[in-house]
Amino acid sequence: MQEILKALPGMAKDKQKENKKFFSKLKKKTPKDLDLQMQDMHEEEFSRINCLDCANCCKTTGPLFTNKDIERISKFLKLKPQQFIDKYLRIDEDKDYVLQQVPCTFLGHDNYCLIYDVRPKACREYPHTDRKDFHKISNLTIKNTAICPAAYNIVEEMKRRIKV
């Protein structure tokens, strides 16, 4: 997995122009069953990939924390929401709550999430490849191909299966 993670940013960069062109065409000519196809590709890929072998998303990027996330996690940690914010979060340039640092504070040495049952919505949904209206998040998906081997593989599979 380490070799893949080392090569992934370069591989994603090499495919970026091709991927942008593909997603541009996909937006103009979106198949009616795209979300269903994406769910199938997502499930197929995650039957082969174990996130615990990787955890690159947790090591390199931080999720957005919604107010609901903050309330749920702070309750789990037995902190007041403001205490949780002060201890772990900062406000980014888009005025969103994000982690003060990466890798994620809650990532264990064994790649297990210490707050898995109450983790942020963004973490639960990552890499968003099975999301409804998938065609609306092409920029995010292209960005995720440099972070998540599964996202990279899913986009490559999309280009093979979906003719635009």
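Is Glu43 buried or exposed? Glu43 is exposed, at 52% relative accessible area, and the first view below shows where it sits. Everything here comes from a predicted model, where local features need pLDDT of at least 70, side-chain atom pairs count only at pLDDT 80 or more, and totals for chains, interfaces and linings use all residues. Residues are numbered from 1 along each chain as its sequence is written, and side-chain values use heavy atoms, with hydrogens and water left out.

**View A. Glu43 and a patch of negative charge on the surface.** Glu43 belongs to helix α2, residues 34-48. Helices (H or I, at least four residues) and strands (E, at least two) are DSSP runs, numbered from the N terminus. Buried means under 20% relative accessible area, exposed over 50%, and partly exposed in between (1.4 Å probe, protein chains only). Glu43 shares its patch with Asp33, Asp40 and Asp130. Patch members have over 30% relative accessible area and no salt bridge; like charges are joined within 9 Å, nonpolar side chains (Val, Leu, Ile, Met, Phe, Trp, Tyr) within 5 Å. Asp and Glu count as negative, Lys and Arg as positive, while His and the chain ends are not counted.

**View B. The salt bridge between Lys15 and Glu156.** These two side chains meet at 3.3 Å, N to O. Lys15 is in helix α1 (residues 2-28) and Glu156 in helix α8 (residues 149-161), so the pair ties together parts that are 141 residues apart in sequence. Lys15 is partly exposed at 23% relative accessibility, and Glu156 is buried at 12%. A salt bridge here is a side-chain nitrogen of Lys or Arg within 4 Å of a carboxyl oxygen of Asp or Glu. The structure holds 11 of them.

**View C. Arg72 and Asp69 paired within helix α4.** Their side chains form a salt bridge at 2.6 Å, N to O. The two are 3 residues apart in α4 (residues 67-76), so about one helical turn separates them. Asp69 is buried, with just 2% relative accessibility; Arg72 is partly exposed, at 27%.

**View D. Lys136 with Asp133, plus a salt-bridge network.** Lys136 and Asp133 meet in a salt bridge at 3.7 Å, N to O. Lys136 is exposed at 57% relative accessible area, and Asp133 is partly exposed at 37%. As for the network, salt bridges with shared partners link Lys15, Glu18, Glu156 and Lys159.

**View E. His128 in the loop between α6 and α7.** The loop runs between α6 (121-125) and α7 (138-144). His128 is buried, at 10% relative accessibility. Skipping neighbours within four places in sequence, its contacts (heavy atoms within 4.5 Å) are Ala122, Phe134, Ile137, Leu140 and Asn144. His128 is not a glycine, but its phi is positive, near 70 degrees. Pro127 sits in this loop too, joined to Tyr126 by a cis peptide bond with omega about 5 degrees.

**View F. Asn111 and Pro103 in the loop between β3 and α6.** Most residues other than glycine have a negative phi, and most peptide bonds are trans. Asn111 has a positive phi of about 70 degrees, and it is buried at 15% relative accessibility. Pro103 is joined to Val102 by a cis peptide bond, with omega about 0 degrees.

Definitions and conventions: Areas by Shrake-Rupley, 256 points an atom, 1.4 Å probe, with all protein chains shown as cover. Charge placed at Lys NZ, Arg CZ, Asp CG, Glu CD.
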